[in-house]
Amino acid sequence: MATITLNDIAHCYSGPSDDPDDYALKQLNLAWRDGGAYALLGPSGCGKTTLLNIISGLLIPTKGRVLFNEQDVTSRPTEQRNIAQIFQFPVIYDTMTVFENLAFPLKNRGRSKKEIDPRVIELARMLDLEDNLHTKACHLTADAKQKISLGRGLIRQSVNAILFDEPLTVIDPQLKWQLRAQLKSLHKQFGFTMIYVTHDQTEALTFADEVVVMYEGEVVQVGTPEALFERPEHTFVGYFIGSPGMNIVPCAVDGDRLRLNGHEIRLGQRYPAPPPGARVELGIRPEYLRLQPPDRDGLSVAIVRVDNVGRHQVARVALGEQLFNVVAADLSGLTGDRASLVIDPARANVYVNDQLYRGATS
Ligand SMILES: Nc1ncnc2c1ncn2[C@@H]1O[C@H](COP(=O)(O)OP(=O)(O)OP(=O)(O)O)[C@@H](O)[C@H]1O
């Protein structure tokens with residue numbers, strides 16, 4: 001296992017350029033702890049695969065250095081980095097049995113049968129492949145084949161890191177839950193440094209101890225699932241994490257007062273005056289808004305619609321022109337088309353030009 005450090009990494013596919021917009025990856029610095037479970041999360045095209053390929057050695061970055069345990073590996077090819085990779089689609093030998101496929105990475109490195117056999121059996125058991133150990137891979141389903149790929153990635157104990165690139169894409173949704181949990185427990189048991197690329201927030205948040213959120217070639221936040229939910233550093237994180245995402249609406253801030261559509265709300269913090277001309281927004285999770293009957297305290301809102309989404313409901317409400325989503329267990333007490341909206345000031349985040357704006361407790 002290794003710590004992985006990215007120092008001032010940037011990548012432009014057409015070669016060095018003076019225009020920052022040409023860069024698929026803008027300048028970034030990251031440190032990945034030895035034995036950590038990380039996810040790289042972001043929408044399509046934000047640069048996740050580019051970053052993963054720089055770590056694996058498939059790409060040499062235009063700028064910056066990649067260090068494995070302090071050793072500069074920036075221009076070393078993949079085979080000299082001692083990493084395992086698991087891709088979107090199974091990479092296995094169809095004519096080999098499950099056992100032979102799992103054993104291959106060890107056999108290829110000259111390991112003894114005494115070492116290989118128990119390790120293969122242990123992994124097969126953890127991935128529920130035990131009953132198929134002597135079946136040829138070509139006779140198995142796409143799900144089982146991808147499990148073999150995962151097993152092949154996890155079989156060597158001495159790798160510097162295991163890199164996963166959207167590994168559950170071909171997996172049946174039901175089995176996805178199971179495999180995610182298995183990967184998490186394999187991580188706990190073996191302590192590998194794991195980096196997992198996905199655009200699926202559920203996958204990222206359930207797998208990783210720390211999630212690196214990317215947007216338009218930049219890392220906008222590195223944090224625990226809880227931090228990403230409670231204190232998004234960037235409006236994109238608020239919007240991208242959660243279902244529905246954070247409500248982000250224009251407002252004005254004056255000390256510990258928030259002005260929203262002609263209403264004033266007292267915040268739990270006092271904020272310095274934002275720079276003149278800056279875009280100031282309130283960010284509040286739908287879970288931290290409450291609706292009550294229109295004759296009670298709160299901001300008077302129109303109920304636009306209410307959707308039932310399984311165990312809770314999502315109401316869409318309008319405060320003048322501004323729309324909010326509100327998540328509640330049960331909204332059946334509300335009748336008519338108006339309600340009072342209550343904002344929990346302790347959960348309100350202020351953003352200036354998309355960045356979290358920090359205040360001091362007043
Ligand atoms: N070989 C390439 N040549 C030129 N541009 C590329 C190349 N590969 C990727 N890009 C561009 O770099 C940017 C980042 O792409 P990348 O594949 O890293 O994003 P991603 O977040 O992994 O997306 P996805 O989830 O769709 O794979 C995109 O604008 C993409 O079009």
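**Cores, domains and ligand shell of a predicted model**

The largest nonpolar core of this predicted model has 70 residues, and those with the most contacts inside it are Tyr38, Ala39, Leu40, Ile195 and Val213. Valine 213 shows how such a position is surrounded: leaving aside its neighbours within four places in sequence, valine 213 is in contact with Leu41, Gly42, Val220, Gln221, Leu228, Val237 and Phe240. Apart from the largest core lies another, of 22 residues, which includes Val253, Leu267, Ala339 and Ala348. In soluble globular proteins, nonpolar side chains tend to be buried together.

The chain as a whole has 362 residues, of which 36% count as buried. Its C-alpha trace spans about 75 × 50 × 35 Å along the principal axes. The protein chain contains 8 helices and 22 strands. Among contacts between residues at least 6 apart in sequence, 66% join residues at least 24 apart.

The protein chain is divided into domain 1, residues 4-240, and domain 2, residues 247-361. Between the C-alpha centres of domain 1 and domain 2 the distance is 38 Å. Where the domains touch, 7 residues of domain 1 are in contact with 8 residues of domain 2. On the domain 1 side, the touching residues divide into 2 nonpolar, 3 polar and 2 charged.

A cis peptide bond runs from serine 243 to proline 244, with omega near -5 degrees. Proline 244 is placed in the loop between helix H8 (235-240) and strand E11 (247-250).

One open sheet consists of 4 strands in the order E2-E1-E4-E5, with antiparallel pairing. Strand E2 (25-32) and strand E5 (71-72) stand at the edges and have a single partner strand each, so one side of each is left without a neighbour in the sheet. Within this sheet, strand E1 (residues 4-11) and strand E4 (residues 63-68) run antiparallel and are joined by 5 bridges. One residue pair can be picked out here: leucine 6 has valine 66 in E4 as its bridge partner.

The ligand comes next. Around the ligand are Tyr13, Ala24, Gly42, Ser44, Gly45, Cys46, Gly47, Lys48, Thr49, Thr50 and His199. By class, the residues of this shell divide into 3 nonpolar, 7 polar and 1 charged. Gly42 belongs to the shell around the ligand and is also in contact with valine 213, one of the residues with the most contacts inside the largest core.

Among the helices, H2 (residues 98-107) has Val98, Asn101, Leu102, Ala103 and Leu106 as its buried residues. An α-helix has 3.6 residues a turn, so residues three or four places apart point the same way. The cover over the buried residues of H2 includes helix H3 (113-126) and helix H4 (142-154).

Two glutamates have unusual backbone angles to inspect. Phi of glutamate 166 is near 45 degrees, a positive value in a residue other than glycine. Glutamate 166 sits in the loop between strand E7 (161-165) and helix H5 (173-190), and it is partly exposed, with 19 other C-beta atoms within 10 Å. For glutamate 216, phi is near 50 degrees, again a positive value in a residue other than glycine. The loop that holds glutamate 216 lies between strand E9 (210-215) and strand E10 (218-223). Glutamate 216 is partly exposed, with 14 other C-beta atoms within 10 Å.

Definitions and conventions: Residues are numbered from 1 along each chain as its sequence is written. This is a predicted model: local features need pLDDT of at least 70, side-chain atom pairs count only at pLDDT 80 or more; totals for chains, interfaces and linings use all residues. A nonpolar core is a set of buried Ala, Val, Leu, Ile, Met, Phe, Trp, Tyr and Cys residues joined through C-beta atoms within 7 Å. A residue is buried if 20 or more other C-beta atoms lie within 10 Å of its own, exposed if 12 or fewer, and partly exposed in between; C-beta atoms are placed from the backbone. Two residues are in contact if their C-beta atoms, placed from the backbone, lie within 7 Å. Domain bounds come from an automatic or database domain assignment. Ala, Val, Leu, Ile, Met, Phe, Trp, Tyr, Cys and Pro count as nonpolar, Asp, Glu, Lys and Arg as charged, and the others, Gly among them, as polar. A residue is near a molecule or strand if its C-beta atom, placed from the backbone, lies within 6 Å of it. Two strands pair if DSSP finds at least two bridges between them.
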